[in-house]
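Q: I have just opened this one and would like a walk through it. Could you take it slowly?

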Amino acid sequence: MGGITGHIIGACVHGAGRRPRGAAALGGLALLLGACVADQTEATVRPAVVRVPAEAPRTTGRERAADADHLKLVASFGGEARAPNVMRLLTEVTDRLVRASDRPDQSYTVTLLDSPVVNAFALPNGRLYVTRGLVALASDTSEVAAVLAHEMAHVTLNHATARSELELRSALVSRVVADVLNDPDTGAQLQHQSRFALARFSREQELEADATGVRTLAKAGYDPFAAGRFLTALSRSTGLKAGSANAPDMLATHPGTAERITQVTRAARRIGAPGIGTDDRATYLAAVDGLAYGDNPRDGAVRGHRFIHPGLGIAFEVPEGFTLENTRSAVLGTTQDGSRRLLFDQIEAKEGQPLDAVLKASWNDAFDPAGFETREVGGHPAAFALSRGKEWTFRLAAIRIGDSTYRMIMAAKGTADPDPAFRRWTATLVAVSPDEAVLRPLRLQVVQAMSANAEDLARRMAVPDRALDRFLVLNGLERGAALVPGRGYKIIVE
């Protein structure tokens, strides 16, 4: 982990959390998944190859390197998803988009990544990657197509190559000025300016890919307004995470979601009025019915206010008011107003190293000497510490269970000491047996509405909180929207 300053505000941390032996990084965490679900349990699905010429060379050194990079990338996302119906949908959509694109001769390989994170990206060689988390968030086929059309546009517009050339040119100019001309100050200034240029260049590329994607979407016969609908769903999904922020960033490589929604909606209106094209919702719902949802229990999972990791054999519960998120390198928690945050991860500890020394090695800010304490938690040795920053107060603990050492951090904004809640939380950390850690994977289920009341289906959602809001976002519905009796909708079930 690159430090928790991005997660626990106001602290400077080092001593990255390590990857547990035989498991993905603690908790899986949200990125390393491999669930098998009902109706989608065939052998691992290979990437869908679309329009690859038979005479395409396969043995060059560059292609072997690309294949090796592909395998590493897929492995970092937990492998390929076992979802043949979704793969069939992606294949058909991509083939349709290729025929409508500006480069119908371009070859693409589509891979469905087994991750709940909402993400999609493309490599210059035509490899497209989509996570099952993204597919689950979409509401119909046209929204999936909008994402694929955007990523294909990056390939056809040669964005990756253009950005790499600009990066190399900027780095070369800065180095020549600093080293050859012996002017390090000007070299540093040029390097700083190039960061803004690269960010602006990348943002312009995103907007260009958005516009091109919308045109391709419409030419393929899909609803061009689907791009705006999906970006709206993405924004609302992010908003469900307590403490999330969407402030503009001068160095952001992607435009803000609101800006992109405005741009793609404007592009769609230039093509026609809402209602043109098809959304192919029925095909989409049939494909995602039974798709794995959320974390793979094997790599740790959140169930309500409890986190369980069968592979590590540990579990804990957070105080009321915290919402947990299982990420690649840590388990994060925050209250809805963002005034309290927590982090749980696994850290390196040298053999025989005292636990208070472990805490000191993983924290750059000063400790309050009066806050150090050594005692047991559930029969396990533990060390506790207190650190006061300018805007946040931190309580920390290092707890050793077997051969593993875990770090627990709770932060409270201002001078308020989170110690009471922190003690309640750390007291819940326990070792669990494989039998105790049995978890059923979550999945999407398509059900028919029996009434117009969205709350009737929301009550069936296996989610820790805000069931109605999550149901509405999952189905692309606004608050107050009436369901259509007899129509299919997605819910999350065990």
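What follows is a chat about the chain as a whole, a pair of helices, a cavity and some single residues.

Q: Before we start, what kind of model is this?
A: This is a predicted model, in which local features need pLDDT of at least 70 and side-chain atom pairs count only at pLDDT 80 or more, while totals for chains, interfaces and linings use all residues. Residues are numbered from 1 along each chain as its sequence is written, and side-chain values use heavy atoms, with hydrogens and water left out.

Q: OK, how many helices and strands does the protein chain have?
A: The secondary structure of the protein chain comes to 13 helices and 18 strands. Helices (H or I, at least four residues) and strands (E, at least two) are DSSP runs, numbered from the N terminus.

Q: And what share of the residues is buried?
A: Of the 494 residues in the protein chain, 49% are buried. Buried here means under 20% relative accessible area, exposed means over 50%, and partly exposed is in between, with a 1.4 Å probe and protein chains only.

Q: What about contacts between residues that lie 24 or more positions apart?
A: Those account for 68% of the contacts in the protein chain with a separation of 6 or more, where contact means heavy atoms within 4.5 Å.

Q: Let's turn to helices. How do α4 and α7 pack?
A: Helix α4 (141-156) and helix α7 (residues 226-239) pack at an angle of about 90°, with their axes 8 Å apart. Axes are lines fitted to C-alpha atoms, for helices over the stretch in contact, and angles run from 0 to 180 degrees between N-to-C directions.

Q: Are α4 and α7 roughly parallel or roughly perpendicular, then?
A: α4 and α7 are roughly perpendicular to each other, because angles of 65 to 115 degrees count that way, whereas those under 35 count as roughly parallel, those over 145 as roughly antiparallel and the rest as oblique.

Q: Which residues meet there, between α4 and α7?
A: On the α4 side they are Ser-142, Glu-143, Ala-146 and Val-147, and in α7 they meet Ala-226, Ala-227, Arg-229 and Phe-230. The residues of this contact of α4 with α7 divide into five nonpolar, one polar and two charged. For that division, Ala, Val, Leu, Ile, Met, Phe, Trp, Tyr, Cys and Pro count as nonpolar, Asp, Glu, Lys and Arg as charged, and the others, Gly among them, as polar.

Q: Different topic: how many cavities does a search of the whole structure find?
A: The search finds two cavities of 30 Å³ or more, and the largest cavity has a volume of about 50 Å³. On a 1 Å grid over the protein atoms alone, a cavity is a set of points where a 1.4 Å probe fits but cannot get out, and lining residues have an atom within 4 Å of a point. Grid points are joined across faces, edges and corners, and a volume is the space filled by probe spheres set on the points.

Q: What lines the largest cavity?
A: The lining of the largest cavity consists of Ser-101, Asp-102, Ala-149, Met-152, Ala-153, Thr-156, Thr-212 and Thr-216. Helix α4 gives the largest share of this lining, four residues, and both α4 and α6 (184-219) supply at least two residues each. By type, the lining residues divide into three nonpolar, four polar and one charged.

Q: Now single residues: what stands out about phi of Asp-280?
A: Phi of Asp-280 is near 50°, which is a positive value in a residue other than glycine. Asp-280 lies in the loop between α8 (257-271) and α9 (281-288), and Asp-280 is partly exposed, with a relative accessible area of 24%.

Q: And where does Gly-275 lie?
A: Gly-275 lies in the loop between α8 and α9, and Gly-275 counts as exposed at 70% relative accessibility.

Q: Last one: is Gly-488 buried or exposed?
A: Gly-488 counts as buried, at 14% relative accessibility, and Gly-488 lies in strand β18 (residues 488-493). Leaving aside its neighbours within four places in sequence, Gly-488 is in contact with Arg-281, Leu-285, Val-446, Val-447 and Gln-448. Gly-488 and Val-447 are 41 residues apart in sequence, yet 5.3 Å apart in space, C-alpha to C-alpha.

Key. 1 Å grid on protein atoms, 1.4 Å probe; cavity = no way out; pocket = protein on both sides within 12 Å on 5 of 7 lines; lining within 4 Å.
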